[in-house]
Amino acid sequence: MKRMIAIGFEGSANKIGIGIVTLEGDILSNPRHTYITPPGQGFLPRETAQHHFQHVLPLIKEALQTAQITPEEIDCICYTKGPGMGAPLQVSAIVVRVLSLLWKKPIVAVNHCVAHIEMGRIVTGADDPVVLYVSGGNTQVIAYSEGRYRIFGETIDIAVGNCLDRFARVIKLSNDPTFEIEKCPSGASVASRILSPVLNSLKEESGDGFESISSESQQPCDRIGQRMTRTFHGSLNGLAISLHGKEGVDFPGSTRRHRPHKAYPVELAQFHSADYVEFLHRITPDTQHLFANQLPRYNLGEDCPVFDNLFEFCQIYAGGTIDAARRLNNQLCDIAINWAGGLHHAKKCEASGFCYINDLVLGILELLKYHPRVLYIDIDVHHGDGVEEAFYFTDRVMTVSFHKYGDKFFPGTGDVKDIGERDGKFYAINVPLKDGIDDTSFSRLFKTIISKVVEMYQPGAIVLQCGADSLAGDRLGCFNLSIDGHAECVRFVKKFNLPLLVTGGGGYTKENVARCWTVETGVLLDTELPNEIPDNEYIKYFGPDYSLKIPSGHIENFNSKSYLSTIKMQVLENLRCIQHAPSVQMQEVPPDFYIPEFDEDEQNPDERLDQHTQDKQIHRDDEYYDGDNDNDHMDI
């Protein structure tokens with residue numbers, strides 16, 4: 001059987017190359033020539049095209065001679081159609097058309113990106129890869145699906161290729177044959193060549209405060225070089241995870257920080273009353289005297305003081321939980337964490353216990369758009385009354401709260417007999433505890449109840465509120481839990497391998513709150529952290545032992561075995577009343593986002609915009625616009 005042979009022309013940038021390959025991927029020849037500019041300079045389209053014209057014919061001859069074939073043996077002629085620089089691309093296109101007429105061979109136009117992917121597939125031997133494609137202008141997650149390569153996620157804000165090219169030009173690296181930044185002596189020496197003149201000029205202007213950086217003294221630049229490498233690697237790994245999720249891309253133990261949007265008032269009103277949201281929007285420390293009659297109505301005052309930027313505070317932490325739920329819904333992650341969230345006391349029309357907006361309810365409402373049943377678990381020392389109240393009459397959310405109850409302890413709710421009503425009867429579970437419960441008792445009770453809950457309820461997603469005021473030594477708490485005991489609950493819930501939204505909550509001994517949520521972040525990432533806290537700007541708060549873990553407390557444990565056994569039996573008996581996991585009727589999924597229209601005409605040109613507002617105004621270069629952004633002045 002005759003082998004299929006193709007000749008290909010690549011001239012999208014400063015390199016003209018001609019390759020001859022077989023259908024099986026054997027490379028018969030691959031001569032190239034690079035347009036080399038002086039160090040520190042880029043290459044312009046016209047001069048690059050002239051270079052390609054001068055070298056293309058010799059390269060054709062060399063390719064045929066090296067492959068030891070004649071034009072008659074070639075089956076098709078391929079060329080890069082784009083994307084790339086216009087003028088250099090035209091050179092290949094013109095040459096290919098001429099050769100097609102001379103040799104009477106068909107033309108195959110090739111997408112530049114697809115060509116790179118196919119080359120990588122041949123080199124690696126991957127049969128059906130998911131590709132993280134990093135180019136000059138964008139970064140994409142690409143995979144083959146339904147007969148073609150498809151983009152499953154894209155960003156234009158991590159243009160690593162352009163960054164590296166620009167970096168190389170600034171430090172005057174030669175592009176002969178290409179910029180080889182990775183072969184520089186080190187990122188430190190490279191960075192020092194950029195920073196030295198800058199810092200030295202600052203020193204000359206200020207007279208002191210700066211030391212010049214010489215080739216013998218590059219410690220600051222060492223850190224910059226390492227940081228640049230880590231930033232690229234971490235950003236791209238995180239991007240692959242966030243854009244494509246868990247299907248096909250596997251970076252074990254990886255995490256990515258996500259800057260959430262500030263929740264819009266209309267989003268907050270998905271649970272809270274519109275008048276309450278509007279009140280929070282208007283109230284400030286300077287104007288609260290004007291609303292003296294309304295403050296008691298919305299329960300603002302002692303436990304819920306009015307402070308500067310109160311509404312923005314609510315928007316930020318609520319937006320974090322809403323975005324976390326949306327990322328879980330869209331399978332962009334397996335676990336989403338918002339330690340700023342977990343304000344579980346807020347009610348529909350009022351604040352409570354320093355909780356103004358109930359982000360947990362808003363997050364659960366988002367999850368319910370995709371999941372028929374959501375399980376809410378609360379290990380804060382205080383009862384999760386706001387979340388329970390919100391879903392007290394529905395079977396689509398089961399709330400399970402482990403908390404201190406009795407002795408007029410805030411909020412005074414959460415008896416084991418409170419089990420929900422109407423459709424929600426038996427779907428509210430309360431585990432009331434007394435002072436002094438320890439790791440062993442708490443963990444045993446938690447695992448027994450949660451195991452049965454998951455078995456009976458079969459949730460599609462779990463929301464876990466990790467209030468740290470249940471730790472020993474908390475200023476308002478009264479339990480004896482160590483950080484390991486608290487974190488064991490997180491570890492146990494993670495093992496169910498369900499979409500998991502984790503939030504913070506209460507916690508009034510701040511250094512222990514930081515310790516706890518650090519350890520639990522490690523648990524969620526399957527990462528064991530050293531017990532010694534490394535040096536940092538807050539290290540003074542963790543003395544005198546500077547350790548990550550704290551031991552159990554020494555408060556007398558009033559939770560007898562008989563008491564805990566009675567509570568457990570009552571809870572399990574209530575669960576037996578659930579005949580089967582409730583189902584929901586099929587319906588249209590509500591949209592994820594409501595974003596109010598942004599009117600640029602109302603923008604004050606003299607007012608500096610914050611980062612969130614700027615992000616909303618980013619325009620893509622590859623879209624067409626009617627107006628000032630329509631550079632072609634054409635009606636589309």
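# A tour from the whole chain to one histidine

In this predicted model, residues 24 or more positions apart account for 70% of the contacts in the chain that have a separation of 6 or more. With the whole chain of 636 residues on screen, 44% of the residues count as buried, and the secondary structure comes to 16 helices and 15 strands. If you switch on a surface, the accessible area of the chain is about 34,800 Å², and 51% of that area belongs to carbon and sulfur atoms.

**First stop: residues 5-34**

Select residues 15-22, which form strand 2. Because 6 of its 8 residues are buried, strand 2 is largely enclosed by the rest of the structure. Now add residues 5-10, which are strand 1, and you will see that strand 1 and strand 2 run antiparallel to each other and pair over 6 bridges. The link between strand 1 and strand 2 is a hairpin with 4 residues, and a useful pair to label across these two strands is I7 with I20, which stand opposite each other.

Next, extend the selection to residues 27-29, strand 3, which pairs with strand 2 in the antiparallel sense over 2 bridges. Here I20 can stay labelled, since it stands opposite S29 in strand 3, just as it stands opposite I7 in strand 1. Between strand 2 and strand 3 there is a hairpin with 4 residues between the strands, in which G25 takes a positive phi near 100°. Finally, add residues 32-34, strand 4, which pairs with strand 2 in the antiparallel sense over 3 bridges; the residue to pick out in strand 2 is G17, whose bridge partner in strand 4 is R32.

**Second stop: helix 1 and helix 2**

Move to residues 45-67 and residues 86-103, which are helix 1 and helix 2, and whose axes come within 8 Å and cross at roughly 35°. This crossing of helix 1 and helix 2 is right-handed. To show what fills the contact, display the side chains of P45, T48, A49, H52, F53, V56, I60 and L64 in helix 1, which meet A87, P88, V91, V95, L99 and W103 in helix 2.

**Third stop: strand 7 and strand 8**

Select residues 130-134 as strand 7 together with strand 8, and the two appear as an antiparallel pair joined over 5 bridges. Across this pair, V130 stands opposite A143 in strand 8. Strand 8 covers residues 139-145, and 5 of its 7 residues are buried, so strand 8 is largely enclosed by the rest of the structure.

**Last stop: H272**

Centre the view on H272, which sits in the loop between helix 7 (265-268) and helix 8 (274-282). Is H272 buried or exposed? The relative accessible area of H272 is 1%, and buried means under 20%, so H272 is buried.

With the side chain of H272 shown as sticks, two distances to the backbone are worth drawing. A polar atom of that side chain lies 2.9 Å from the backbone nitrogen of N358, and a polar atom of the H272 side chain also lies 3.3 Å from the backbone oxygen of K348. To complete the surroundings, leave aside residues up to four places away in sequence and select V277, A346, K347, K348, Y356, I357 and N358, which H272 touches.

Conventions
Residues numbered from 1 in each chain as written. Predicted model: local features only at pLDDT ≥ 70, side-chain atom pairs only at ≥ 80, totals over all residues. Heavy atoms only, no water. Buried < 20%, exposed > 50% of the residue type's maximum accessible area, 1.4 Å probe, protein only. Pairing = 2+ DSSP bridges. Contact = heavy atoms within 4.5 Å. Areas by Shrake-Rupley, 256 points an atom, 1.4 Å probe, with all protein chains shown as cover. Polar contact = N/O pair within 3.5 Å; in protein donor to acceptor, adjacent residues only side chain to side chain. Axes fitted to C-alpha atoms, helices over the stretch in contact; angles between N-to-C directions. Left-handed = near helix turned anticlockwise from the far one by under 90°.
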